[in-house]
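Trainee: I have not worked with this structure before, and I would like to go through it by asking about one place at a time. Could we begin once the sequence and the structure are both in view?

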Amino acid sequence: MAVKSIKQDYVFPNDITSMMETFKEMVNFCIKIGLQENISTLKKFSSLHYKDLSQFDIQSKYKLTAMSQAMGRLAQRKRDMRKGNAPKSPYVSKPYLVSCYGFMITGMLLSFPISNDDKFLVKLNEYTTSQLENVEPRSFTITSNSLSISVRKQVGQIIPENIIGVDRNLRNITISTSNESIMYNTNKLLLIKENTSHVISSFKRFDVRVKRHFQQRLGNRRSRRVQQHLHKISKDVVERAVESKSMIIFEDLKGIRKLYRKGNGQGNKYRRKLNSWSFYELQRQIAYKAEWEGIPVDFVDPKRTSQLCPICGGRLQEDRFHRRKLLCINCKKSMDRDVIASMNIAYKGWSRFCHPRGLLVEAMKGNVKYLQPLILRVDGSKLVEAQARAIKLTEPLTAYLGLRRLT
Ligand SMILES: [Zn+2]
């Protein structure tokens with residue numbers, strides 16, 4: 001079963017907003033009791049405290065979801081504490097409403113009950129209705145300005161025939177399949193982040209509240225822009241995986257922030273750049289999009305992925321004439337280090353998931369057909385569907401729509 005949610009902008013009228021306010025108070029009430037009595041299971045809580053919710057003037061089906069929301073938050077808090085992470089405040093701050101009971105979707109309308117004999121109707125837009133085809137709606141969530149519907153569908157996982165290795169870097173994202181490497185330029189993300197931090201630091205007024213509001217607004221804008229940029233890339237990667245029936249392999253970058261902590265002897269600017277690197281967001285997007293299509297996603301250890309030659313398995317040397325290139329003395333070839341890394345990630349994945357006891361070096365030997373991969377450079381910000389299709393159709397890609405062929 002694959003799950004995802006579809007979001008739509010919608011401004012709700014005042015009476016619905018006040019219902020969301022009641023729901024929020026109810027959730028916070030349950031959290032308060034749960035914290036006092038150390039309860040975090042729905043079964044125990046509802047048998048002890050369901051009666052206490054009679055003070056809230058809302059339909060009883062919403063009381064059930066409020067309790068389960070509160071218990072979910074408390075269980076998450078417990079999990080965080082067990083793992084040694086600093087737990088967030090479990091309380092809800094914004095009015096919202098969730099329910100999996102009593103709502104209906106008919107054509108372009110979603111209806112949910114607001115009292116015993118009254119329903120509220122929401123008109124869904126074209127995108128939402130198109131996404132609702134052939135899926136099973138499970139629950140809906142509303143906030144004061146949006147509606148999201150959680151859906152699920154049965155997906156059969158494909159049996160992978162190929163492998164795509166994804167290498168995430170600060171300035172590009174490189175993927176390698178068995179016969180080509182594609183480099184998505186992400187310089188624009190750096191620019192967005194750099195600009196935002198300049199604008200934020202230009203705020204000079206001595207007013208903490210206004211300043212915080214300003215920072216929040218710009219920070220939200222930054223993450224929306226970064227997300228949208230990465231969505232284009234993740235969509236393209238998953239489409240390629242579906243087309244070639246590939247499995248997607250990432251390097252496991254858990255703990256990479258440790259390398260750029262304060263006191264590690266790096267400059268402020270450098271650390272800011274590396275610590276604002278959104279390597280996880282792409283992984284998150286690709287993982288859920290791939291799950292929806294039945295594409296398996298897995299991780300390999302990033303160790304030595306940019307030290308060994310993907311053709312002969314020998315050790316690589318720095319190329320003195322090109323900063324981003326590495327040289328293999330055996331093969332007498334100099335290749336882009338990001339391409340090498342993504343090819344090695346693909347090979348590592350191949351050797352690990354197709355040959356359980358194989359070694360990286362063995363997997364790379366004898367793969368002569370990988371000798372000269374076609375490297376495409378794609379500007380992620382200009383990536384549109386037509387362009388992605390053009391890559392497949394035209395073989396000599398020289399200077400086509402901003403794409404360059406490099407081998
Ligand atoms: Zn070599």
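Trainee: Is T196 buried, exposed or partly exposed?

Mentor: Keep in mind that this is a predicted model, and that T196 is found in helix α5, which covers residues 187–201. A residue counts as buried if 20 or more other C-beta atoms lie within 10 Å of its own, and as exposed if 12 or fewer do. T196 has 19 other C-beta atoms within 10 Å, so the class for T196 is partly exposed.

Trainee: Which residues does T196 touch, if those up to four places away in sequence are not counted?

Mentor: A useful pointer is R221, which is 25 residues from T196 along the chain, while the C-alpha atoms of the two are separated by 8.9 Å. With residues up to four places away in sequence set aside, the residues that T196 touches are L218 and R222.

Trainee: How many helices and strands does the secondary structure of the protein come to?

Mentor: The protein has 407 residues, of which buried residues make up 26%. Among contacts between residues at least 6 apart in sequence, 67% join residues at least 24 apart. The secondary structure itself comes to 11 helices and 17 strands.

Trainee: Which element gives the most residues to the largest nonpolar core?

Mentor: The largest nonpolar core has 39 residues, and those with the most contacts inside it include I164, V237, I248 and A346. Among the elements that give two or more residues to this core are β8 (162–168), α6 (208–244), β11 (246–251) and α9 (337–353). The element that gives the most, with eight residues, is α9.

Trainee: With which residues is A241 in contact, leaving aside its neighbours within four places in sequence?

Mentor: A241 is itself one of the residues with the most contacts inside the largest nonpolar core. Once its neighbours within four places in sequence are left aside, A241 is in contact with I164, S246, I248, A290 and I295.

Trainee: How many residues does the second, separate core have?

Mentor: This core is separate from the one just described, and V27, C30, I31 and V151 are among its residues. The number of residues in this second core is 24.

Trainee: Where are the edges of the open sheet with the order β13-β14-β15?

Mentor: This open sheet has three strands, and the pairing is antiparallel. β13 (317–318) and β15 (333–336) each have a single partner strand, so one side of each is left without a neighbour in the sheet, and the edges are therefore at β13 and β15.

Trainee: What is the angle at which α9 runs to β15?

Mentor: It helps to place the strands beforehand: β14 and β15 pair in the antiparallel sense over four bridges, and K325 stands opposite D336 in β15. Helix α9 lies across β14 and β15, and the angle to β15 is about 85°.

Trainee: Which strands are the edge strands of the sheet with the order β1-β7-β6-β2?

Mentor: This is an open sheet of four strands with antiparallel pairing, and the twist averages 20° from one strand to the next. Eight bridges join β1 to strand β7 (residues 146–153), where the bridge partner of I6 is I149. The strands that pair on one side only, and are thus the edge strands, are β1 (2–9) and β2 (96–99).

Trainee: Is the crossing of α2 and α3 left-handed or right-handed?

Mentor: Helix α2 (residues 42–49) and helix α3 (residues 60–83) pack at an angle of about 130°, with their axes 10 Å apart, and that makes α2 oblique to α3. At this packing, L42, F45 and S46 in α2 meet M67, S68 and M71 in α3. The crossing of the two helices, α2 and α3, is right-handed.

Trainee: Is N134 buried or exposed?

Mentor: N134 has its place in the loop between α4 (126–131) and β6 (136–143), and its phi is near 60°, a positive value in a residue other than glycine. Since the limit for this class is 12 or fewer, and N134 has 8 other C-beta atoms within 10 Å, N134 is exposed.

Trainee: What is the phi of K245 near?

Mentor: K245 has its place in the loop between α6 and β11, and with 13 C-beta neighbours inside 10 Å, K245 counts as partly exposed. As a residue other than glycine with a positive value, K245 has a phi near 50°.

How values were computed:
Residues numbered from 1 in each chain as written. Predicted model: local features only at pLDDT ≥ 70, side-chain atom pairs only at ≥ 80, totals over all residues. Core = buried A, V, L, I, M, F, W, Y, C linked by C-beta atoms within 7 Å. Contact = placed C-beta atoms within 7 Å. Pairing = 2+ DSSP bridges. Axes fitted to C-alpha atoms, helices over the stretch in contact; angles between N-to-C directions. Parallel < 35°, antiparallel > 145°, perpendicular 65-115°, else oblique. Left-handed = near helix turned anticlockwise from the far one by under 90°.
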